[in-house]
Amino acid sequence: LTPEETDGAKMVSDDFRAKAEKLLDRATADDHGFIGRLTPEEKLKLEEFRAMVTQVKADHPYSDKDLCRFLRARDFVVEKSLVMIKANLEYLAKQPDEDPPLETLRSAYDNGECLPFGRDKRGRRAYFHFSRNHDPANGDLVATNVVSIMNMFTRELDPASDIETFTVVFDLTGFSRSNRDMKFNKCIIDTLQNQHPERMGCCIMLNAPTIFSIVWSVVKHWLAPRTREKIMFVGGKDYQEKLRCFFDADQLSPVLGGTSGMTPQKYISERCGPPPPGSLRPKTATKKGWFGGLFGGGHEAPVDDHEPPPEELENAAKEFDQD
């Protein structure tokens, strides 16, 4: 750690550091359900499940690790896992052989929304989503891009490694009514939970404003209990120091207090060259600093880390209507 990082680490409480460690390890915390850690009953269920999946499709693409992911997602209820994997086979059959060319998705990067970069402190690939830059009019393209990133992360996993998951960070700094997009949210959640089950190691909701309570009150009901357990709300004036409980500084973008120098715009330019003239979507001037904080400042960070409580909903709804 640099002296600055060391000073920052001292600002974070032992309680928060313990919670961060617990979240980082949550995906593999169970002492059963994984290859090498199956109970005798789970071994029998895996054999049964493998035979049933082979009956559905003899040349299915699933390893035993994959089959265990589907079983864990349905609490090792074989019948429910089979329904899930049949739907996944239908989904895979409809997918193109290759992901869309990155240059066709570059607006999701040029406008500062998407960044697949770095690894967390458990070595997992990380995806950062800067929600203040989301334009619902561009939601379908961004959803396609996020799905492509999930596919890329999955392809890059080493079958011999214990790492089976990736980490997601939603930076909600400056999130506003203009960014809400339930269609996009539902698409991402459905794809993550049903097509890539048990792939999310942990998810950090960073600097969620009060107004996000409205979105969360809906979205959390789309999430399976196992998924909700992997989500932590992180905020406060020391949020950058807290984020470094999950990532080393060189794995973070400058806007998040990191030293990597990586931004969504740099990421896409390194791979596809500079943006074509006139291709950038202009940012609309908004009140209350809706896009504030893109390069630091311009917003007030939340003062705590807890999930927005139910009692905030009424005030948040009024704020939503008045914006």
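Helices and strands are DSSP runs, with at least four residues for a helix and at least two for a strand, numbered from the N terminus. The exercises below concern a predicted model.

**Exercise 1.** Determine where Asp75 and Asn207 lie, and whether each is buried or exposed.

*Solution.* Begin with the backbone: Asp75 has a positive phi of about 55° although it is not a glycine, and Asn207 likewise has a positive phi of about 55° without being a glycine. Next, place the two residues, which gives the loop between H4 and H5 for Asp75, and the loop between strand S4 (200–206) and helix H9 (212–219) for Asn207. Finally, apply the cut-offs, by which buried means under 20% relative accessible area and exposed means over 50%. Asp75 has 59% relative accessibility and therefore counts as exposed, whereas Asn207, at 2% relative accessibility, counts as buried.

**Exercise 2.** Classify Ala208 as buried or exposed, and state how far Ala208 lies from Phe170 in sequence and in space.

*Solution.* Ala208 is found in the loop between S4 and H9. Its relative accessible area is 17%, so Ala208 is buried. For the second part, 38 residues separate Ala208 from Phe170 in sequence, while their C-alpha atoms are 9.0 Å apart in space.

**Exercise 3.** Compare the span of H5 with the expected value, and identify which elements its buried residues pack against.

*Solution.* H5 has 17 residues, and the distance from its first C-alpha to its last is 25 Å, which is close to the 24 Å expected at 1.5 Å a residue. The next step is to list the buried residues of H5, which are Val78, Ser81, Leu82, Met84, Ile85, Asn88, Leu89 and Tyr91. These buried residues pack against helix H3 (40–56), H4, H7 and helix H8 (182–195).

**Exercise 4.** Describe the largest pocket by its volume, by the residues closest to its centre, and by the elements and residue classes of its lining.

*Solution.* The largest pocket holds about 770 Å³ of space. It is lined by 29 residues, of which Leu92, Asn151, Thr154, Arg155 and His196 are the closest to its centre. Two or more lining residues come from each of helix H4 (64–73), helix H5 (78–94) and helix H7 (139–156), and H7 gives the largest share, with 6 residues. Sorting the lining by class, as the last step, yields 10 nonpolar, 9 polar and 10 charged residues.

Technical notes: Residues numbered from 1 in each chain as written. Predicted model: local features only at pLDDT ≥ 70, side-chain atom pairs only at ≥ 80, totals over all residues. Heavy atoms only, no water. 1 Å grid on protein atoms, 1.4 Å probe; cavity = no way out; pocket = protein on both sides within 12 Å on 5 of 7 lines; lining within 4 Å. Points joined across faces, edges and corners; volume = space filled by probe spheres on them. Nonpolar A, V, L, I, M, F, W, Y, C, P; charged D, E, K, R; others polar. Buried < 20%, exposed > 50% of the residue type's maximum accessible area, 1.4 Å probe, protein only. Expected span 1.5 Å × (residues − 1). Contact = heavy atoms within 4.5 Å.
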